[in-house]
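Trainee: I should be grateful for a close look at a single residue and its surroundings in this model. Please set that residue in the context of the whole chain afterwards.

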Amino acid sequence: MRIEAEPYEYSLNFPAAALLIIDMQRDFLEPGGFGEMLGNDVSRLRRTIEPNKALLAAWRAAGGLVIHTREGHRPDLADLPRAKKIRGRGATSIGDPGPMGRILVRGEAGHDIIAELYPAVGEPVIDKPGKGAFFATDLHAILRHRGIQQLVVTGVTTEVCVHTTVREANDRGFECLVVGDCCGSYFPEFHDTGLRMIAAQGGIFGWVAPSAVVIEALARKAA
Ligand code: TIU
């Protein structure tokens with residue numbers, strides 16, 4: 001499947017491609033969570049919900065593998081580096097009680113994925129302690145077992161967890177297509193530059209395309 005992308009067309013090899021949705025969690029997208037605690041305007045991320053819903057529906061309809069990630073820590077916080085815990089010098093930090101349970105702790109309401117994009121039964125969910133989805137997770141093993149070579153990547157935030165994951169994936173040999181309007185940042189300029197950084201220098205980390213062209217390619221495949 002040919003997809004018009006930056007810096008040039010992306011050849012989507014559907015059975016060997018997975019849709020990887022990064023950290024569309026309540027803690028990042030809803031008021032009262034980790035994102036807002038860091039001083040951010042969460043409404044900036046909410047514009048990604050509708051495009052992600054449409055892409056997820058099209059990907060599922062085409063029978064593709066969907067993988068979700070969540071950033072968060074063990075309830076005992078044994079996997080939380082002290083450097084991450086104290087960064088920001090805020091009054092509340094990861095592991096402390098917040099409006100949606102303990103901030104970024106697995107099993108708490110705020111840590112879970114927003115209802116609009118909730119994982120379907122059988123879709124792997126990767127719980128990651130870091131920004132990248134490969135660090136200290138079984139994502140690489142799962143991708144290898146499923147024969148996945150390409151990742152279509154969406155989620156939040158563009159310059160933090162999406163970027164870190166794409167960089168990790170690129171170094172592991174995966175061809176990454178980042179879906180621009182399905183990614184979001186609290187900082188519009190970081191989002192724009194983050195996407196440009198992926199596709200610059202002949203696609204130094206991968207490709208970038210809007211959701212409409214990916215959805216259209218999936219519809220052509222179905223026809
Ligand atoms: N703060 C911020 O931009 N992002 C994160 O802390 N995590 C993710 O990007 N998921």
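**Thr69 and its surroundings**

Mentor: In this predicted model, Thr69 touches Leu20, Ile21, Ile22, Asp23, Met24, Gln25, Ile113, Ile126, Lys128 and Ala133, once its neighbours within four places in sequence are set aside. Thr69 itself belongs to strand 4, which covers residues 65-71. Its relative accessibility is 0%, and the residue therefore counts as buried, the cut-off being under 20%. A further distance helps to place the residue: Tyr118 is 49 residues away along the chain, and the C-alpha atoms of Thr69 and Tyr118 are separated by 11 Å.

The chain as a whole gives the setting for this residue. Nine helices and 10 strands are found in the protein chain. Of its 223 residues, 52% are buried. Among contacts with a separation of 6 or more, 75% are between residues 24 or more positions apart. The radius of gyration is 17 Å, which agrees with the value near 17 Å for a compact globule of 223 residues. Along the principal axes, the C-alpha atoms fill a box of roughly 50 × 35 × 30 Å. The accessible surface comes to about 9,900 Å², and carbon and sulfur atoms account for 54% of that area.

The backbone deserves attention next. Most residues other than glycine have a negative phi, and most peptide bonds are trans. Strand 4 is followed by a loop that leads to helix 5, and Leu77 is placed in that loop. Leu77 has a positive phi, near 60°. Ala136, which is likewise not a glycine, has a positive phi of about 60°. Ala136 lies in the loop between strand 7 (125-128) and helix 6 (139-145), and with a relative accessible area of 56% it is exposed. Two peptide bonds also call for mention. The bond that joins Glu6 and Pro7 is cis, with omega about 0°, and Pro7 lies in the loop between strand 1 and strand 2. The bond from Val156 to Thr157 is cis as well, with omega near -15°; Thr157 is in the loop between strand 8 and helix 7.

Lastly, the largest pocket has a volume of about 490 Å³. Helix 2 (34-37), helix 5 (82-86) and helix 7 (158-171) are the elements that each give two or more residues to its lining. The lining consists of 23 residues, and Phe34, Leu38, Asn40, Lys131 and Val160 lie nearest the centre of the pocket. By character, the lining residues comprise 10 nonpolar, seven polar and six charged.

How values were computed
Residues are numbered from 1 along each chain as its sequence is written. This is a predicted model: local features need pLDDT of at least 70, side-chain atom pairs count only at pLDDT 80 or more; totals for chains, interfaces and linings use all residues. Side-chain values use heavy atoms; hydrogens and water are left out. On a 1 Å grid over the protein atoms alone, a cavity is a set of points where a 1.4 Å probe fits but cannot get out, and a pocket is an open set with protein on both sides within 12 Å along at least five of seven lines; lining residues have an atom within 4 Å of a point. Grid points are joined across faces, edges and corners, and a volume is the space filled by probe spheres set on the points. Helices (H or I, at least four residues) and strands (E, at least two) are DSSP runs, numbered from the N terminus. Ala, Val, Leu, Ile, Met, Phe, Trp, Tyr, Cys and Pro count as nonpolar, Asp, Glu, Lys and Arg as charged, and the others, Gly among them, as polar. The radius of gyration is taken over C-alpha atoms; the globule rule is 2.2 Å times the number of residues to the power 0.38. Buried means under 20% relative accessible area, exposed over 50%, partly exposed in between (1.4 Å probe, protein chains only). Contact means heavy atoms within 4.5 Å. Accessible areas come from the Shrake-Rupley method with a 1.4 Å probe; for residues, only the protein chains shown count as cover.
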